[in-house]
Amino acid sequence: MSVIAEHGGIAEHIHPEPQGFVRKYVFSLDHKIIGIQYIITAFVFFVLAGCLAEIIRIQLMHANGGFVTANTYDEVYSIHGSAMVWLVIIPMLTGGFGNFVMPVQLGARDVAFPWLNMISFWLFPVAGLMLFSSFLMGAPVAGWTEYPPMSLQGGAGTSMWCAAIFLVGVSSTLTGINFLVTILKMRAPGMTFTRMPLFCWGQLATAPLLMIATTALAAALAALFMERQFGVPFYDPTKGGSPVLWQHMFWFYSHPAVYIMILPAFGIMSEVISVFSRKPVFGYRMIAFSSAAIALAGFMVWAHHMFTSGIAPYMQLPFMVLTFAIAVPTGIKIFSWLATMWGGKIHLTTSMLFALGFLVLFTFGGISGVFLAAIPFDLHVHGTYFIPAHLHFVLVGGSLMGIFSGMYYWFPKMTGRYLSEFWGRVHFALFVIGFLGTFLPMHWLGAEGMPRRVASYDPQFQWVNQLESIFSFIMTAAILIFFVNMLYCIRNGKKAGHNPWGARTLEWQIPSPPPYYNFKHIPSVFGLPYDFTEPLPYTHLEDELTDAPVTVGAQ
Amino acid sequence: METNKPGRGFWVTTAILAVISIAGVLYFWLMPSVEPWLPPEGGHPGDQVDWLFRFMSSTAAVLYTFVVGYVIYFAIAYRLRRSDPPDALGVQVHDNAKLEIAWTVVPTLFVILLSILSIKIWYVLQIQPTNGLVVESIGRQWYFTFRYPNVNGEVTDAMHLPVNMPVTLNLTSNDVIHSFWVPDMRLKADMIPGMINTIRFTPTRVGRYQIICTEFCGTGHSTMDKQTMVVQSMPAYLAWYHDWQQRNAHVSNAIPTVSSGAISLAGGDAAAGRTLFSQKCSACHALGPFEQRIVGPGLRGVLHDESHPELVDGDEATPADVAKILQNGYTGSMGHMPNQAENGLSNNDIANLVAFLNTLK
């Protein structure tokens with residue numbers, strides 16, 4: 001009786017597993033299947049957007065361009081940016097890893113609203129197809145930021161772009177609500193906020209950003225759509241609109257969005273570095289607190305994207321200082337991870353290598369972010385290749401390295417099999433070399449005078465661009481190796497068992513792949529998951545790896 | 001289990017990293033010129049930006065050396081060795097209050113210092129003299145035009161400025177957002193339709209500097225870097241200024257509109273048309289064959305091309321039809337060609353251009 005009293009409520013109730021392919025794998029309500037659906041869909045869009053990236057690099061092999069027309073080039077980089085942000089990184093880190101890992105780490109059977117979760121997912125591939133279909137009717141040309149009045153001149157596909165991003169925004173918002181309620185209400189007994197794994201802290205900091213910031217973007221997109229389709233003047237200055245209004249609304253979303261893209265990756269880092277250093281994560285409370293601090297401050301820095309847009313000069317100052325200030329909590333995380341590695345017994349698995357790569361590359365992107373926050377320097381490099389350099393260092397060197405690290409780490413949990421470690425190392429080495437060769441010289445190009453979003457450029461920069469393109473082919477080869485590795489190892493990888501890494505969070509205490517109901521009995525938690533010398537801080541897990549029967553229905 | 005005090009290797013590594021970072025600081029602080037990293041300096045207050053770049057780069061060198069150095073050192077020194085049992089554990093430290101306070105407080109102090117320095121330089125940008133030459137620049141798809149006091153119409157060849165004279169540059173746009181950037185001056189502001197943004201600076205070095213648009217503004221954005229800022233001595237500037245004043249004396253300052261009715265082509269001056277073409281058309285049209293597209297088709301022999309007896313609007317290639325396209329613009333399968341209100345050509349300009357195009361064979 002005491003168990004039931006302690007565990008009372010809906011969490012103990014196990015629904016019967018749905019039967020049939022469609023209910024099980026297509027319109028599934030299971031957070032793990034939905035998570036994998038997100039990951040697969042996002043990887044499909046990643047391949048498409050990656051092909052667009054290579055079109056960009058081939059075009060820039062020659063100073064006069066010539067591979068595609070200037071207009072096609074503009075369409076290509078606009079869709080590349082939009083797809084990578086909204087169809088790859090955000091869904092992968094929130095809908096993908098968040099869905100698969102977070103409920104199990106919390107000791108829950110599912111997210112709070114499984115139906116809502118299914119709807120969130122199915123909006124996402126629809127929105128993705130809509131986004132790519134804009135190529136058929138003249139895709140947007142003004143980049144992923146689509147500043148009006150330029151976006152008012154763009155092809156008919158720009159309206160389709162608005163609708164697609166709006167839809168993917170609805171999907172994000174619903175996921176944010178779902179995750180927030182899940183983390184607040186569905187934690188296993190004893191799983192207090194100070195015992196929660198740091199990946200869940202990352203998701204907890206991200207969820208309100210998804211909920212609140214995305215609504216501002218939705219409003220901005222609706223207005224742009226209305227102006228384009230029905231001539232309602234919001235942004236056209238000749239009709240009394242304001243082009244700068246869009247920039248405020250867009251960045252009020254898109255700056256928090258960069259934290260949506262990095263906070264879950266921070267969470268992955270905390271898990272991976274602690275597990276493979278065989279040490280408790282250093283300064284748990286400071287890492288958790290700094291995630292919340294970054295999320296909060298992330299709402300108050302959007303105008304640092306607009307220092308050249310003519311906002312009142314004194315208004316620029318608080319945005320600059322607050323942006324500098326975000327370096328403090330971010331620095332705390334980096335230093336804490338370094339301290340976690342100190343004195344460890346470091347297993348240099350592929351997942352850990354990507355985590356180390358993250359530390360090296362993301363820190364560089366963070367530092368160039370401080371450069372950009374300083375108004376006088378930003379006035380020089382704004383709108384130049386320095387910006388793509390910075391954003392690829394944080395989004396590829398940060399978020400994507402985090403995604404790779406998480407894939408190598410959780411793939412055994414998803415499939416029960418390892419990814420090949422050998423090919424993983426090849427992937428890592430080629431990727432880092434290709435990445436540095438592609439994006440490091442862009443800082444110099446920007447500072448020296450090459451503007452971004454150009455289909456042809458000053459011939460003095462041609463040799464640098466050719467070098468970058470060659471390195472980008474190496475990066476592409478690395479990603480191909482990764483995909484082949486994944487496709488091969490789903491069926492043929494080495495069997496991994498339920499806890500191949502010796503990790504202590506809850507998802508590793510149940511079979512791989514986890515059963516439909518996750519836990520036969522909801523566990524109780526009495527400690528942090530990072531104390532390697534202590535016994536596991538969970539009770540009621542004795543039956544999880546045995547043949548003990550599952551009681552369907554209320555227990 | 002190992003001791004939880006750092007060993008000798010850690011301190012040796014720290015010493016090596018300290019030496020490397022001091023070398024980095026000295027390099028960025030003492031390098032004779034920022035030229036390896038930024039274009040040569042052409043004016044004030046751009047020199048202030050260089051100072052901030054030196055400061056930020058040298059401090060970044062310290063931070064980055066230590067982060068990368070420790071990542072590599074820890075990964076090697078604390079790796080699981082073959083001699084270790086596979087389930088060996090690291091030193092079980094959870095936190096260290098002193099260390100955590102240190103790496104919160106030190107970066108906070110640095111942020112305060114960087115804020116003070118940046119605000120100081122920001123303030124220098126705000127207090128530039130307002131009593132110098134006032135020039136307006138208007139962004140258009142896809143070129144810049146310049147307006148000078150007491151010069152009629154718009155100057156399109158280049159932006160001429162006297163050296164060592166403070167300049168107030170008022171920026172706006174005629175169509176979409178452009179951004180005005182002269183890398184050598186380290187200055188930039190967006191040109192936004194319906195708004196005026198201002199840059200104040202003083203060029204201090206004679207020379208020609210590229211003006212580059214850094215905000216995507218349409219198909220021709222990539223080619224919007226052909227014009228220059230010409231900084232010259234005061235006598236040379238004045239000579240240019242008076243010349244333009246006379247040359248533009250007849251130009252109307254009225255806002256351009258699309259004129260009604262057919263344009264008279266009598267008296268078109270092909271030489272004047274050639275100059276106009278290089279200023280206003282060459283961003284989008286080459287003087288090569290039809291297939292050589294920049295944005296629009298190449299115009300060599302536009303009126304004498306037997307393989308293209310019709311123009312893009314489907315009418316027969318006659319001087320009157322070229323004039324009609326220049327007057328009313330064109331939107332269709334070949335793209336968009338601005339009309340007279342957008343391209344700012346007068347009826348006289350159109351007659352000159354048609355005369356010039358007629359000479360191309």
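1. A good place to start in this predicted model is the pairing of helix α11 (residues 313-341) of chain A with helix α2 (residues 46-77) of chain B, whose axes come within 10 Å and cross at roughly 25°. Angles under 35 degrees count as roughly parallel, and α11(A) and α2(B) are therefore roughly parallel to each other. The crossing of α11(A) past α2(B) is left-handed.

2. Which residues make this contact? From α11(A) come I334(A), L338(A) and M341(A), while α2(B) supplies V67(B), Y70(B), V71(B) and F74(B). You may like the class count here: 7 nonpolar residues, with no polar and no charged ones, in the contact of α11(A) with α2(B).

3. Stepping back to the whole interface, 74 residues of chain A are in contact with 74 residues of chain B. On the chain A side, the elements giving two or more residues include α4 (70-106), α9 (243-277), α12 (350-373) and α15 (421-448). Also on that list are α6 (150-153), α11 and α13 (375-381) of chain A. The top contributor is α11(A), with 15 residues. By class, the side of chain A that touches chain B has 47 nonpolar, 20 polar and 7 charged residues.

4. Finally, a word on how chain B is divided. Its domain assignment gives domain 1 as 8-82 + 95-126, domain 2 as 133-247 and domain 3 as 270-359. Between domain 1 of chain B and domain 3 of chain B, the C-alpha centres lie 55 Å apart.

Note on methods
Residues are numbered from 1 along each chain as its sequence is written. Chains are lettered from A and ligands numbered from 1 in the order in which they are written. This is a predicted model: local features need pLDDT of at least 70, side-chain atom pairs count only at pLDDT 80 or more; totals for chains, interfaces and linings use all residues. Axes are lines fitted to C-alpha atoms, for helices over the stretch in contact, and angles run from 0 to 180 degrees between N-to-C directions. Helices (H or I, at least four residues) and strands (E, at least two) are DSSP runs, numbered from the N terminus. Angles under 35 degrees count as roughly parallel, over 145 as roughly antiparallel, 65 to 115 as roughly perpendicular and the rest as oblique. A crossing is left-handed if the near helix is turned anticlockwise from the far one by less than a right angle, and right-handed if clockwise. Two residues are in contact if their C-beta atoms, placed from the backbone, lie within 7 Å. Ala, Val, Leu, Ile, Met, Phe, Trp, Tyr, Cys and Pro count as nonpolar, Asp, Glu, Lys and Arg as charged, and the others, Gly among them, as polar. Domain bounds come from an automatic or database domain assignment.
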